[in-house]
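Please look through the structure shown below. The text after it goes from the contact between chains to the interior and then to one residue.

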Amino acid sequence: MAKDTTIQRNKKNKIKTSTGEKIFTVFNYTFFTLLCLAMLYPFWHVIMLSLSSSNMALRGGIFLWPKEFTWTTYRSVFKNPDIYTGYGTTLFVTIIGTVLATFLTATTAYPLSKSRLHGRKFFSLLLILTMIFNAGMIPNYLLIRNIGLYDSRWALILPLTVSAYNAVIMRSFFLSIPEALEESARIDGANDIRIFFTIILPLSKATIATILLFNAVMYWNDYMSTVMYIKSTDKWSMQAVLRQMLNNTQQAMEKAGFSVLVEETANAQTIKAASIVVATVPILIVYPFVQKYFVKGVMIGGVKG
Amino acid sequence: MTTASAKPVKKPSERGKFAKFGRDLLRDKWLYLLLLPGLVMLIIFKYIPMIDLRIAFMDYKPFKPETSTWVGFAHFQDLFTRPAFLKVLKNTLVISISKMIFGFPLPIILALLMNEMRNLLYKKISQTLLYLPHFISWVIMGGLLMTFLDPDTGVITSIITKLTGQHITVLLDKGAFVPMLIISDIYKGVGWGTIIYFAALSGVDPQLYEAAAIDGARRFRQLIHITIPAILPTVVIMLILNCNNILNAGFDQIFMLYSPSVYDVADIIDTYVYRIGIIKSDYSFSTAAGIFKSVVAMIMMLSVNFAAKKAGGGGLW
């Protein structure tokens, strides 16, 4: 029956597809093809630029393939010690931060999903208010100084662990779990913490994965925290190191042991391109595989910027 | 709380109520324990800083806090008489409102166009690629922009030169910097912006389209009468969220790309607060600027939410 109607609909559509609609379809596919190319090309361009010789890079233009292929730029980029410390900090912050933030989001959201909990409205309000009013940059900065986190990698982790948005997403998922699932465990004498870890968390794998990824992206991309809270360059995150390399390529080249004036194998253009690639490739590799979880998260949460 | 005469009558039930309350707390003790760590973090990192908002009303001495004196609203008065701040406020509004005007409708249009794609594989690939820039940090986007806008070798620079005959360094040009901010912001966010509208579109009953087709409605009419009404509530919600950002012109983005030669047009409240507060250590004045920003954001959000509720669009809460 259902099949019949679809066939009928298709037939009807076929008859009815006007010239205008055909033109629109062609236009639409062409438009999205161009748009997709526009999204991909910048990344392709820097990869190819970073693999080209400095002479060709200086001539500029479109880079569809490496011009005079060479690895030397990468060799010199990896001579810069900041790359390693930057990656070290970023990996540390991303791994610890992601796990901690996701764990805290789940443990905060779960009690708030229980209507029997006294004070639930108050605690939820406490959470929601942080979305509406923010103390701002300077008080946050002073807090970090006052509690002794200044110039510590933990300053990159702890302030970002509680996110009202993520907690709201998590809570609306917990609300959708039927109460009956917990009842049997409660009769067996399990307490709420046990129920949370053995029943609720395993049921929430998909949502947890989404929150994990949101957090991972946030920590991986964060550079303002470094700018504000970290003084010693050896504790800088990779994004901050990259920013320094881009804004002050000359200095970065000196750190990599270049004598700036006579060097011919690499120049500011190719060094910049290679630094961008080094910082971007992990995301480009992981992204296609995890993309669907992000989409799912937005569908669950309804609203998430 | 209760008056003396009412006391004897009310007491037993009150006691019962308290006892029940106590039992409930005891019953849920593990839930409270679970809530505790998150709550502590929330209080430390979101609420304790609010205590320091008081320094906006003081002449705060960072190295001798005990000698600070209260000055009332002096810093706020200063705020609105300092030409530097007024310029920064104007820049913030110009940038954020232009971003909203150009950036808000585009994801809606894109989502509607994409919704018309019948080839699912093609649609899927397009979505994946369009979401990608959202996950790239502004540092990397900044690096890409520097490469493409390089005065000597940049691809976009040479295109501009070919089209207009002028050679401009976009990142240092007062006229071109703000349009660059808007375009690059759209580039980064437009694809991801569509996702929320897809969430709304996925809830539309396909039978509606079938019924409309049988009644002779073509794709354009289906769009007008089915698709657009379906996403309208989402559009309202997104508009509310956008208004909350009226003074957020994009700190990450601008901090990465600006330089003294474009301060005139690109310096926004956040970058200004950063320079005055953290670099120059004028905490009181910069906190006042920060409070102004937070209060405006709060008022905007609450009032637009209220208006949306009144209009029947359904607010956020």
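How many residues of chain A are in contact with chain B? In this predicted model, 76 residues of chain A are in contact with 74 residues of chain B. Helix 16 of chain A, residues 268-301, supplies 13 residues to the side of chain A that touches chain B, the largest share. Sorted by class, that side has 48 nonpolar, 20 polar and 8 charged residues.

The next topic is the interior. The largest nonpolar core has 120 residues, and B:Val273 and B:Ala289 are those with the most contacts inside it. Helix 9 of chain B, residues 174-201, gives the most to this core, namely 9 residues. A second core, separate from it, has 5 residues, among them B:Ile237, B:Ile240, B:Met301 and B:Val304.

B:Ala289 can be followed further. Apart from neighbours within four places in sequence, B:Ala289 is in contact with B:Leu79, B:Phe85, B:Ile269, B:Tyr272 and B:Val273.

One of these partners, B:Tyr272, lies in helix 14 of chain B, which covers residues 269-279. Is B:Tyr272 buried or exposed? B:Tyr272 counts as buried because it has 20 C-beta neighbours inside 10 Å, and the cut-off for a buried residue is 20 or more. When residues up to four places away in sequence are not counted, B:Tyr272 touches B:Val88, B:Asp267 and B:Ala289. B:Tyr272 and B:Ala84 are 188 residues apart in sequence, while their C-alpha atoms are 9.1 Å apart in space.

How values were computed: Residues numbered from 1 in each chain as written. Chains lettered and ligands numbered in written order. Predicted model: local features only at pLDDT ≥ 70, side-chain atom pairs only at ≥ 80, totals over all residues. Core = buried A, V, L, I, M, F, W, Y, C linked by C-beta atoms within 7 Å. Buried ≥ 20, exposed ≤ 12 C-beta atoms within 10 Å, placed from the backbone. Helix = DSSP H or I, 4+ residues; strand = E, 2+ residues; numbered from the N terminus. Contact = placed C-beta atoms within 7 Å. Nonpolar A, V, L, I, M, F, W, Y, C, P; charged D, E, K, R; others polar.
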